Amino acid sequence: AGFPFPENLHATDRLDVALDGASIVLMVVPSHVTRATLLEMKPFVKPTMVFVSATKGIETDTLMRMSEVTHD
């Protein structure tokens, strides 16, 4: 409260809207949903996008780091 968003910042829950025109994608999601989130994003990802992960931890089932999950 008391700190408005800048005019050029728009919140959305739609991945197609969030990724449209993005050149850098900052991933900040819990590690246990990283793979599912990436799979939902896949149809909207462009080869020129740069991904930056701020997610800590490993994937519980595979013991992969987040960079490995992203690559997989």
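Accessible area here is the Shrake-Rupley value with a 1.4 Å probe. I began with the total for this predicted model: the protein chain exposes about 5,900 Å². Carbon and sulfur atoms supply 59% of that area.

**Entry 1, overall layout.** I counted three helices and two strands in the protein chain. Read along the sequence, they follow the pattern α-β-α-β-α. I looked up the extent along the principal axes and found that the C-alpha atoms fill a box of roughly 40 × 30 × 15 Å. Of the 72 residues, 18% are buried. I then checked contacts between residues at least 6 apart in sequence, and 63% of these join residues at least 24 apart.

**Entry 2, helix H2.** Which residues of helix H2 are buried? For this helix, residues 34-41, I noted Thr34, Thr37, Leu38 and Met41. These four lie on the same side of H2, because they cover an arc of only 100° around the axis. The spacing fits the general rule: an α-helix has 3.6 residues a turn, so residues three or four places apart point the same way. I turned to the face of H2 directed away from the buried side and found the exposed residues Leu39 and Glu40 there. Next I asked what the buried residues of H2 pack against. The list has helix H1 (15-19), both strands E1 and E2, and helix H3.

**Entry 3, nonpolar patch.** I looked for nonpolar surface and recorded a patch of about 470 Å². Ile24, Leu26, Val28, Val50 and Val52 make this patch. Strand E1 (24-27) and strand E2 (50-53) each supply at least two of its residues.

I picked out Val50 for a closer look; this residue sits in strand E2. Is Val50 buried or exposed, or in between? Its relative accessible area is 43%, and Val50 counts as partly exposed because that class runs between the 20% and 50% cut-offs. The patch takes residues with over 30% relative accessible area, and Val50 is one of its members.

**Entry 4, serine 67.** I placed serine 67 in helix H3, residues 66-71. Its relative accessible area is 46%, so serine 67 is partly exposed. I also checked how far serine 67 is from serine 53. The two are 14 residues apart in sequence, and their C-alpha atoms are 7.5 Å apart in space. Serine 53 falls within the range of strand E2 (50-53), and helix H3 and E2 both appear among the elements that the buried residues of H2 pack against.

Methods: Residues numbered from 1 in each chain as written. Predicted model: local features only at pLDDT ≥ 70, side-chain atom pairs only at ≥ 80, totals over all residues. Heavy atoms only, no water. Patch = residues over 30% accessible without salt bridge, like charges linked within 9 Å, V, L, I, M, F, W, Y side chains within 5 Å. Salt bridge = Lys/Arg side-chain N within 4 Å of Asp/Glu carboxyl O. Buried < 20%, exposed > 50% of the residue type's maximum accessible area, 1.4 Å probe, protein only. Arc of directions from axis to C-beta. Contact = heavy atoms within 4.5 Å.
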